[in-house]
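Thank you all for making the time; I would like to walk through one model with you, going from the whole chain to a few particular residues. Please have the sequence and the structure open as I speak.

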Amino acid sequence: MFGIGLPELIIILVVALIVFGPKKLPDLARSLGKGIAEFKKTTEDFKSTIDNDLKVDLDREDINPPPKTPYEISAPSEGGVSPSSDSEKARAEAAGIPDPTSFAAAPDQPGLPLKEENPPPPPKKESA
């Protein structure tokens, strides 16, 4: 596991015997074994908790997929998407939303406006 062979293990045990003495060595080995066992148990418990949480989250996404944001594009389109009715166009103009047909569609970033076509920022309202 660590590349420790029999000669290295014997040297480590002899040094531990000299440093800790024959009376404390069994207690030290016992407490070290208990610590390693507790660490393994805690690690397995943590791993199973994470796996269960991920499974629950994935199952939840399968049942209820997350809603698409207004800026999410499902597939690149050639000429952009325009509002379907005149009332939608009027509402978009009133809100300051530019016409989607004026956007340039780059292959890696569909629907982004060109620099020249960016609308100027709205004027600041002065407070009385």
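**From the whole chain to one helix**

The accessible surface of this chain comes to about 12,000 Å², and 63% of that belongs to carbon and sulfur atoms. I should say at once that this is a predicted model, so please hear every value as computed from it. Of the chain's 128 residues, 3% count as buried, and the secondary structure amounts to two helices and zero strands.

Let me turn to helix H1, which covers residues 6-63. With its 58 residues, a straight helix rising 1.5 Å a residue would reach 86 Å, yet the end C-alpha atoms of H1 are only 56 Å apart. Where does H1 bend, and by how much? The bend is at glycine 21 and comes to about 105°, with proline 22 following within four residues.

Towards the start of the chain there is a nonpolar surface patch of about 790 Å², made by Ile4, Leu6, Leu9, Ile10, Ile12, Leu13, Val14 and Ile18. Leucine 13, one of these residues, lies in H1 and counts as exposed because its relative accessibility is 52%, where the cut-off is over 50%.

Finally, the charged side chains: the count comes to one salt bridge, which joins aspartate 27 to arginine 30, with the closest N and O atoms 2.9 Å apart. Why are these two residues about one helical turn from each other? They are so because they sit three residues apart in helix H1. As for their surroundings, aspartate 27 is partly exposed, at a relative accessible area of 45%, and arginine 30, at 48% relative accessibility, also counts as partly exposed.

How values were computed
Residues numbered from 1 in each chain as written. Predicted model: local features only at pLDDT ≥ 70, side-chain atom pairs only at ≥ 80, totals over all residues. Heavy atoms only, no water. Patch = residues over 30% accessible without salt bridge, like charges linked within 9 Å, V, L, I, M, F, W, Y side chains within 5 Å. Areas by Shrake-Rupley, 256 points an atom, 1.4 Å probe, with all protein chains shown as cover. Salt bridge = Lys/Arg side-chain N within 4 Å of Asp/Glu carboxyl O. Buried < 20%, exposed > 50% of the residue type's maximum accessible area, 1.4 Å probe, protein only. Expected span 1.5 Å × (residues − 1). Bend = angle between axes of the 7 residues up to and from the residue.
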